[in-house]
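Student: Hi! I'm new to this one, could you walk me through it?

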Amino acid sequence: MQPSASSPVPAAAPAAAPRFDERLTAPGSWWVITALLGLSGGLVLFPLGTVPMLGGVIAAGALAAVAVSSYGSVRIRVVAGSLVAGDARIPVAALGTPEVLDAEEARAWRSYKADPRAFMLLRSYVPLAVRIEVADPGDPTPYVYLSSRDPEGLVEAVEAARAEGR
């Protein structure tokens with residue numbers, strides 16, 4: 001049976017917008033080092049002539065840029081009732097209360113207080129972090145440690161997603 005012109009046609013459900021979305025990009029100083037590595041590649045091949053030198057600049061610069069870009073492409077999102085951090089996807093219902101860590105406390109949790117079973121998405125160039133206990137008794141992971149430039153925003157998003165899921 002064909003729907004008549006007046007019958008409602010269900011629209012496609014829109015994709016859930018993330019409550020929080022952060023990309024932990026590499027700092028600008030790393031890109032300066034990348035350029036210097038490219039120059040080093042050219043200097044190594046300088047005795048062989050101009051064309052090999054330019055090839056060395058391009059090849060070394062491109063390899064360094066790919067490495068820095070891939071390391072700095074990790075994202076943290078709270079979307080559709082889940083915390084997505086890098087490749088990990090954790091339902092917010094399995095998480096406990098999130099805790100904002102200042103620079104000193106974050107350093108402690110990624111060094112001498114760290115548990116080797118914890119899921120840690122850390123970037124040394126991001127001084128602040130969030131620590132969230134894992135409340136799922138079947139999961140051996142004690143907590144999630146996430147470096148974040150906006151830890152308060154991440155905590156608010158996780159709390160809002162947990163409240164919505166109840």
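Tutor: Happy to; we can talk about a helix and then about salt bridges. Keep in mind that this is a predicted model.

Student: Okay, helix H2 then. How far apart are its end C-alpha atoms, and what should the span be?

Tutor: H2 covers residues 50-71, which is 22 residues. At 1.5 Å a residue it should span 32 Å, and its end C-alpha atoms are 32 Å apart, so the two agree.

Student: Which residues of H2 are buried?

Tutor: Gly-56, Gly-61, Ala-64 and Val-68 are the buried ones. They take up an arc of only 110 degrees around the axis, which means they sit on the same side of H2.

Student: Why would residues that aren't next to each other point the same way?

Tutor: An α-helix makes a turn every 3.6 residues, so residues three or four places apart point the same way.

Student: Got it. And what covers the buried residues of H2?

Tutor: The cover includes helix H1, residues 28-44.

Student: Which residues are exposed on the other side of H2?

Tutor: There you find Val-51, Ile-58, Leu-63 and Val-66, which are exposed.

Student: Switching topic: how many salt bridges does the structure hold?

Tutor: It holds seven. One of the pairs is Glu-99 with Arg-131, where the closest N and O atoms are 3.3 Å apart. Glu-99 belongs to strand E5 (residues 95-101) and Arg-131 to strand E7 (residues 129-134), so this pair ties together parts that are 32 residues apart in sequence.

Student: Is Arg-131 buried or exposed?

Tutor: Arg-131 is buried, at a relative accessible area of 10%. Glu-99, on the other hand, is partly exposed, at 33%.

Student: Which other side chain meets Arg-131 in a salt bridge?

Tutor: That would be Glu-133, with 2.4 Å from N to O. Glu-133 is partly exposed, with a relative accessible area of 32%. Glu-99, Arg-131 and Glu-133 are therefore linked in a network of salt bridges.

Student: Why do such side chains pair at all?

Tutor: Side chains of opposite charge can pair when their charged atoms come close.

Student: What about Glu-105, what does it form a salt bridge with?

Tutor: Its partner is Lys-113, and the closest N and O atoms are 2.8 Å apart.

Student: And how accessible are Glu-105 and Lys-113?

Tutor: Glu-105 counts as partly exposed at 27% relative accessibility. Lys-113 also counts as partly exposed, at 33%.

Key. Residues are numbered from 1 along each chain as its sequence is written. This is a predicted model: local features need pLDDT of at least 70, side-chain atom pairs count only at pLDDT 80 or more; totals for chains, interfaces and linings use all residues. Side-chain values use heavy atoms; hydrogens and water are left out. Helices (H or I, at least four residues) and strands (E, at least two) are DSSP runs, numbered from the N terminus. The expected span of a helix is 1.5 Å times one less than its number of residues. Buried means under 20% relative accessible area, exposed over 50%, partly exposed in between (1.4 Å probe, protein chains only). The arc is that of the directions from the helix axis to the C-beta atoms. Contact means heavy atoms within 4.5 Å. A salt bridge is a side-chain nitrogen of Lys or Arg within 4 Å of a carboxyl oxygen of Asp or Glu.
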